[in-house]
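Dear colleague,

I am handing over the structure below, together with notes on what was found in it. Please have it open while you read on.

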Amino acid sequence: MRILRSIQHKYCADGSFMKEFLLDAPVTREFFLYLGNFGKIDQLPNLGDGFYKFDKPDWFSIKGFIGDSTVEVRFKKETLEITVDFLYLLFSSYHEGTMDLTFLKKKETLRAARVSKLLYGK
């Protein structure tokens, strides 16, 4: 799955930076389950059938409906420069079926250390 482009972006009242991304394929339930390897997933049925939210605290959150080819991503402003490339990597590395997550987990660990140092000095 690839991010084609950002179709909207803005600073939010809570200090986060939101980007809406157009994808080359609709998101699936399996895609959100895959994201669960890197953060917390919630299905929010009160917002409509198939609405999911992925949250990686201090990094970003992803919201979207199954079957849509757009997602909303909210970045923590302070860590945007460290984490935005990991977001692109998550999307471009996804494919249906069994996946080896070793490479992504190494990249995640490196960025987590940088995020922790930036935000918490450790």
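**Strand β6 and its neighbours**

In β6, the residues fall on two faces, a covered one made up of Val 71, Val 73 and Phe 75, and an uncovered one made up of Thr 70, Glu 72 and Arg 74. This fits a general pattern, since in a regular strand the side chains alternate between the two faces of the sheet. Please keep in mind throughout that this is a predicted model.

On one hand β6 pairs with strand β5, residues 60-65, in the antiparallel sense and over four bridges, and in this pairing Ile 62 stands opposite Val 73, a residue of the covered face of β6. The two strands β5 and β6 form a hairpin that leaves four residues between them, and Gly 67, which lies in the turn, has a positive phi of about 95°.

On the other hand β6, residues 70-75, also pairs with β2, again in the antiparallel sense, here over six bridges. In this pairing Met 18 stands opposite Arg 74, and Arg 74 belongs to the uncovered face of β6.

How much of strand β2 is covered? Of the seven residues of β2, which spans residues 17-23, six are buried, so that the strand is mostly covered.

Strand β2 is also joined to β1, residues 3-11, by seven bridges, and these two strands run antiparallel. Within this pairing, Lys 19 in β2 is the bridge partner of His 9. The hairpin of β1 and β2 has five residues between the strands, and in this hairpin Gly 15 takes a positive phi near 95°.

**The chain as a whole**

Taken together, the chain has three helices and six strands, and from the N terminus on these elements follow the order β-β-α-β-β-β-β-α-α. The radius of gyration of the chain is 14 Å, close to the 14 Å that the globule rule gives for 122 residues, and the chain is therefore as compact as a globular protein of that length. Along the principal axes, the C-alpha atoms fill a box of roughly 40 × 35 × 25 Å.

Of the 122 residues in the chain, 36% are buried. Among contacts with a separation of 6 or more, 49% are accounted for by residues 24 or more positions apart. The accessible surface comes to about 7000 Å², and carbon and sulfur atoms hold 51% of it. As for charge, the chain has 19 positive and 16 negative charges, whose mean positions are 7 Å apart.

With best regards

How values were computed:
Residues are numbered from 1 along each chain as its sequence is written. This is a predicted model: local features need pLDDT of at least 70, side-chain atom pairs count only at pLDDT 80 or more; totals for chains, interfaces and linings use all residues. Side-chain values use heavy atoms; hydrogens and water are left out. Buried means under 20% relative accessible area, exposed over 50%, partly exposed in between (1.4 Å probe, protein chains only). Two strands pair if DSSP finds at least two bridges between them. The radius of gyration is taken over C-alpha atoms; the globule rule is 2.2 Å times the number of residues to the power 0.38. Contact means heavy atoms within 4.5 Å. Accessible areas come from the Shrake-Rupley method with a 1.4 Å probe; for residues, only the protein chains shown count as cover. Lys and Arg count as positive and Asp and Glu as negative; His and the chain ends are not counted. The place of a charge is taken as NZ of Lys, CZ of Arg, CG of Asp or CD of Glu.
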